[in-house]
Amino acid sequence: MSAQVIYNTNLAMGLGLIDETNVLLELWAPPMEARELFNKVLELGILPNISAYRLKNIVVRCFAPRFLYPEGPPAKYLKRLKIDLASSELTQLFFLYTCRANPILTDFIKNVYWEKYVAGSELITRDDALQFIRRAIDDGKTPSRWAEGQIKRVGRYLIGCCADFGLLSNRTSIGRRIAPFSIEPRVAAFLAHDLHFSGLGDNAVTSHSDWQLFGMTKSDVRDEFKRLSLRGHFIHQSAGDITHIGWKHKRMEEFVDVLAEG
């Protein structure tokens, strides 16, 4: 039986942090750890408008859980790709890793954003976020019962983070408008290979829950894989519920190099 996922409030340290992540990736080099990176940024004064206290939280409680595990591969891949990918593609990769590091954001997107999107709703409201958090507290997904003020702050963080990553657009008096959001082809190729090189079999790759972050069903994933196969990323075959993929690369680093080269 899997352990209960416990939500934290790390999103409060910086939401999407897209600009800051780009700066930190420029400065980071393997095998640099979070504290070394923090000291380097502080020494160089690269982010002068951020206090040392907040900068430490950004690096240690946001950047590191998102991009420096295990021993930095996500940061290594993104540093290699950041010059060659479009900003929209890079932002979607930041989104993927931010969701992986923050289960509360993952569940909010899957269970609130996409459900509202499919239902044809125009807005995600503050009440949507608050109700989601209160249900999570009742279900024991927080380390303790959060106070009302904390519930409201976390609700703002969830909506703000979705806006940072392009899932929500302009603000209204009660929330934000739902924006069209779909996975970029090269991001889909990256995610497929990332899951494959994590040790998953082909069927597990196509049915992995990460695809749900982009609103994709297993059928959607198969259709995307057919398109990726036509682009030459791999050879895709499927019959019924069985998927077989002929992977062209032996290591993730090899695929990342090919993706960066276009």
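How many salt bridges does a search of the whole structure find? The search finds 15 of them, in a model that is predicted. Before some of these pairs are described, an outline of the chain may help.

**The chain as a whole**

The protein chain holds 12 helices and five strands. Its radius of gyration is 19 Å, close to the 18 Å that the globule rule gives for 262 residues, so the chain is as compact as a globular protein of that length. Along the principal axes, the C-alpha trace spans about 50 × 50 × 40 Å. Of the 262 residues, 49% are buried, and among contacts between residues at least 6 apart in sequence, 64% join residues at least 24 apart.

**Helix H11 and the hairpin that follows**

Helix H11, residues 218-230, has 13 residues and reaches 19 Å from its first C-alpha to its last, which is close to the 18 Å expected at 1.5 Å a residue. Its buried residues are Val221, Arg222, Glu224, Phe225 and Leu228. These residues cover an arc of only 165° around the axis, which puts them on the same side of H11. An α-helix has 3.6 residues a turn, so residues three or four places apart point the same way. The buried residues of H11 pack against helix H9 (185-197), helix H10 (202-206), E4 and E5.

Just after H11, Gly232 takes a positive phi of about 90°. Strand E4, residues 234-239, then pairs with E5 in the antiparallel sense over six bridges, and Ala239 has Ile242 of E5 as its bridge partner. Two residues lie between the strands of this hairpin, where Gly240 takes a positive phi near 65°. Strand E5 itself, residues 242-247, turns Thr243, Ile245 and Trp247 to a covered face, while Ile242, His244 and Gly246 belong to an uncovered one. In a regular strand the side chains alternate between the two faces of the sheet.

**Salt bridges**

Three of the salt bridges are set out below, each with the distance between nitrogen and oxygen.

| Pair | N to O distance |
|---|---|
| Arg177 and Glu122 | 3.7 Å |
| Asp241 and Arg222 | 3.9 Å |
| Arg251 and Glu253 | 3.4 Å |

The side chains of Arg177 and Glu122 meet in a salt bridge, and this pair links distant parts of the chain, with Arg177 in strand E3 (residues 175-178) and Glu122 in the loop between helix H6 (103-118) and strand E1 (123-125), 55 residues apart. Arg177 is partly exposed, with a relative accessible area of 34%, whereas Glu122 counts as exposed at 56% relative accessibility.

The salt bridge of Asp241 with Arg222 ties the hairpin to the helix described above, since Asp241 lies in the loop between E4 and E5 and Arg222 in helix H11, 19 residues apart. Is each partner buried or exposed? Asp241 is exposed, with a relative accessible area of 59%, while Arg222 is buried, with a relative accessible area of 14%, a value under the 20% that sets the limit for a buried residue.

In the salt bridge between Arg251 and Glu253, Arg251 is partly exposed at a relative accessible area of 47%, and Glu253 also counts as partly exposed, at 27% relative accessibility. Elsewhere, Arg80, Asp84, Asp257 and Glu261 are linked in a network of salt bridges.

Definitions and conventions. Residues are numbered from 1 along each chain as its sequence is written. This is a predicted model: local features need pLDDT of at least 70, side-chain atom pairs count only at pLDDT 80 or more; totals for chains, interfaces and linings use all residues. Side-chain values use heavy atoms; hydrogens and water are left out. Buried means under 20% relative accessible area, exposed over 50%, partly exposed in between (1.4 Å probe, protein chains only). Helices (H or I, at least four residues) and strands (E, at least two) are DSSP runs, numbered from the N terminus. Two strands pair if DSSP finds at least two bridges between them. A salt bridge is a side-chain nitrogen of Lys or Arg within 4 Å of a carboxyl oxygen of Asp or Glu. The expected span of a helix is 1.5 Å times one less than its number of residues. The arc is that of the directions from the helix axis to the C-beta atoms. Contact means heavy atoms within 4.5 Å. The radius of gyration is taken over C-alpha atoms; the globule rule is 2.2 Å times the number of residues to the power 0.38.
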